[in-house]
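This briefing sets out the strand architecture, the surface and the charged contacts of one protein chain. Please consult the sequence and the structure alongside the points that follow.

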Amino acid sequence: MKPDIQIHLYGSLRDMGKKHDEFTIRTGLKSPTPLVDILKKLKIPFDLVQLAMVNHKAVHMDSTINPGDRIALFPREYPIFADWKDFRSVSKINSPVIQYGAMNFPVRPILEEIETIAGLGFDYLELTMDPPQAHYSILRKDKDRILKALDRCHLGIVCHLPTFVYTADLAESIRKASLSEVLNSLETASELGATKVVLHPSYIGGMGIFVMDTAIKYAFESLSAIVAKADQLRICLCLENMFPRYHMCVEPEDFIEIFKAFPTLRLTLDTGHANIDDPSGQRLFEFIKLFESRLNHIHISDNIGEKDDHLPIGAGNIDFRKIINALKSCGYKETVTFEIFTENRKDLERSRNKFSDMFKEF
């Protein structure tokens with residue numbers, strides 16, 4: 001057995017290799033040793049590593065390395081695509097530090113949106129999978145170009161499943177068509193390498209509000225199928241809180257039964273939604289308090305509590321310092337997407353910088 005191990009560095013981690021005058025580090029190893037201990041010895045911060053592969057197989061950071069092993073280390077900004085799904089250990093979207101993302105506007109071509117969001121300095125794209133430009137059928141046709149663009153721009157990806165579908169509609173044909181849209185979008189998200197997707201709860205409208213028990217039953221049936229598909233694809237499914245006119249998944253207690261029924265389901269906390277029609281200003285903090293262990297994704301936007309304005313931070317009445325304090329208290333280190341839908345895309349960058357600066361203060 002060879003006493004040496006080889007550590008191959010990729011992307012920004014190659015800066016670490018410069019300390020050793022090479023991108024492939026060869027070092028002696030006399031006995032089995034945890035990978036984290038090896039990285040500490042070489043002064044490679046393991047929180048900068050999103051994927052470690054030993055002998056061409058992904059491993060966790062606490063795995064044991066044996067003499068003669070070949071190690072490959074990939075940095076946080078390195079995209080993890082669907083072809084690597086079976087080898088994925090951790091991803092950019094499950095980084096030890098908070099990752100900041102922004103949404104595409106699905107009226108614009110997706111490749112242009114990738115360039116724009118990358119140019120604003122975000123870590124990942126939250127891909128809203130809605131027509132006319134981001135329907136799953138279009139994304140599938142352009143998959144190779146999208147993956148190359150994400151790679152070139154060093155962007156990770158989170159997907160937002162279709163918004164304007166009706167998976168609890170009283171008409172079976174509409175319900176089935178809506179569910180088909182969501183399931184096909186889930187498969188496409190997996191093909192694009194997403195390990196996390198956002199799902200709006202079923203909208204209950206029309207005559208559904210007069211037969212809520214029936215509408216909620218349909219909503220649960222659809223959700224069950226979506227969760228099963230996400231589990232099959234090994235995708236983290238994050239259900240989003242909505243505002244009162246949705247008639248479902250508005251208050252924190254609305255999620256208790258849902259989370260009991262679906263153990264793998266996680267929460268997307270939308271600050272703007274939680275602030276609507278909540279004079280006390282406590283709904284959002286109740287979400288954090290009740291579902292600290294389920295919170296896996298956040299949407300950031302501001303408003304004055306009347307409608308979903310998607311304003312920049314500071315343009316409404318949401319207390320983001322208090323939100324950040326609550327998130328820091330529960331140790332939140334997941335993804336944060338900025339849903340700022342003003343004409344000036346620089347508002348996205350400004351809001352991210354404000355949020356990041358406040359986060360560093362606590």
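**Structural briefing**

The structure holds 14 salt bridges. The model is a predicted one. Its strands include a set of 8 that close into a barrel with parallel pairing, and a set of 5 that form an open sheet with mixed pairing.

**Barrel**

- The barrel follows the strand order 8-9-10-11-12-13-14-15. From one strand to the next, the twist averages 30°.
- Strand 8 (residues 99-103) and strand 15 (residues 335-338) run parallel and are joined by 4 bridges. Within this pairing, G101 has T337 of strand 15 as its bridge partner.
- Strand 12 (residues 236-240) is largely enclosed by the rest of the structure, because 4 of its 5 residues are buried.
- Strand 11 (residues 196-199) is joined to strand 12 by 4 bridges, and the two run parallel. Here L199 stands opposite L239 of strand 12.
- Between strand 11 and strand 12 the chain passes through helix 7 (residues 212-233), in a β-α-β crossover that is right-handed.
- On pairing with strand 13 (residues 266-270), strand 12 forms 3 bridges in the parallel sense. L239 takes part here as well, with L267 of strand 13 as its bridge partner.
- The chain reaches strand 13 from strand 12 through helix 8 (residues 254-261), and this β-α-β crossover is right-handed.

**Open sheet**

- The 5 strands of the open sheet are arranged in the order 2-1-7-4-5. Its edge strands, each pairing on one side only, are strand 2 (24-28) and strand 5 (57-59). The twist in this sheet averages 30° from one strand to the next.
- Strand 7 (residues 70-75) is mostly covered, with 5 of its 6 residues buried.
- Strand 1 (residues 4-9) pairs with strand 7 in the parallel sense over 4 bridges. In this pairing L9 stands opposite L73 of strand 7.
- Strand 4 (residues 49-54) runs antiparallel to strand 7, and 5 bridges join the two. V49 stands opposite P75 of strand 7.

**Nonpolar surface patch**

- L170, M207, I209, F210 and V211 make a nonpolar surface patch of about 480 Å².
- F210, one of these residues, lies in the loop between strand 11 and helix 7. Its relative accessibility is 62%, and F210 therefore counts as exposed, the cut-off being over 50%.

**Salt bridges**

- The side chains of E361 and R321 form a salt bridge, at 2.5 Å from N to O. This pair links distant parts of the chain, with E361 in helix 12 (residues 346-361) and R321 in helix 11 (residues 320-329), 40 residues apart.
- E361 is exposed at a relative accessible area of 51%, whereas R321 is partly exposed at 41%.
- The side chains of E251 and R283 also meet in a salt bridge, at 3.1 Å from N to O. E251 lies in the loop between strand 12 and helix 8 and R283 lies in helix 10 (residues 283-290), so the pair ties together parts that are 32 residues apart in sequence.
- E251 is partly exposed, with a relative accessible area of 27%. R283 has a relative accessible area of 6% and is therefore buried, as the cut-off for this class is under 20%.
- E191 and R140 meet through their side chains in a salt bridge of 3.6 Å, N to O. The two residues lie in distant parts of the chain, 51 residues apart: E191 belongs to helix 6 (residues 172-191) and R140 to helix 4 (residues 136-141).
- Both members of this pair are partly exposed, E191 with a relative accessible area of 30% and R140 with one of 29%.
- R140 and E191 also belong, together with E187 and K229, to one network joined by salt bridges that share partners.

Technical notes: Residues are numbered from 1 along each chain as its sequence is written. This is a predicted model: local features need pLDDT of at least 70, side-chain atom pairs count only at pLDDT 80 or more; totals for chains, interfaces and linings use all residues. Side-chain values use heavy atoms; hydrogens and water are left out. Two strands pair if DSSP finds at least two bridges between them. Axes are lines fitted to C-alpha atoms, for helices over the stretch in contact, and angles run from 0 to 180 degrees between N-to-C directions. Buried means under 20% relative accessible area, exposed over 50%, partly exposed in between (1.4 Å probe, protein chains only). A crossover is right-handed if, with the strands pointing away from the viewer, the path from the first strand over the helix to the second runs clockwise. Patches are made of residues with over 30% relative accessible area and no salt bridge: like charges are joined within 9 Å, nonpolar side chains (Val, Leu, Ile, Met, Phe, Trp, Tyr) within 5 Å. Accessible areas come from the Shrake-Rupley method with a 1.4 Å probe; for residues, only the protein chains shown count as cover. A salt bridge is a side-chain nitrogen of Lys or Arg within 4 Å of a carboxyl oxygen of Asp or Glu.
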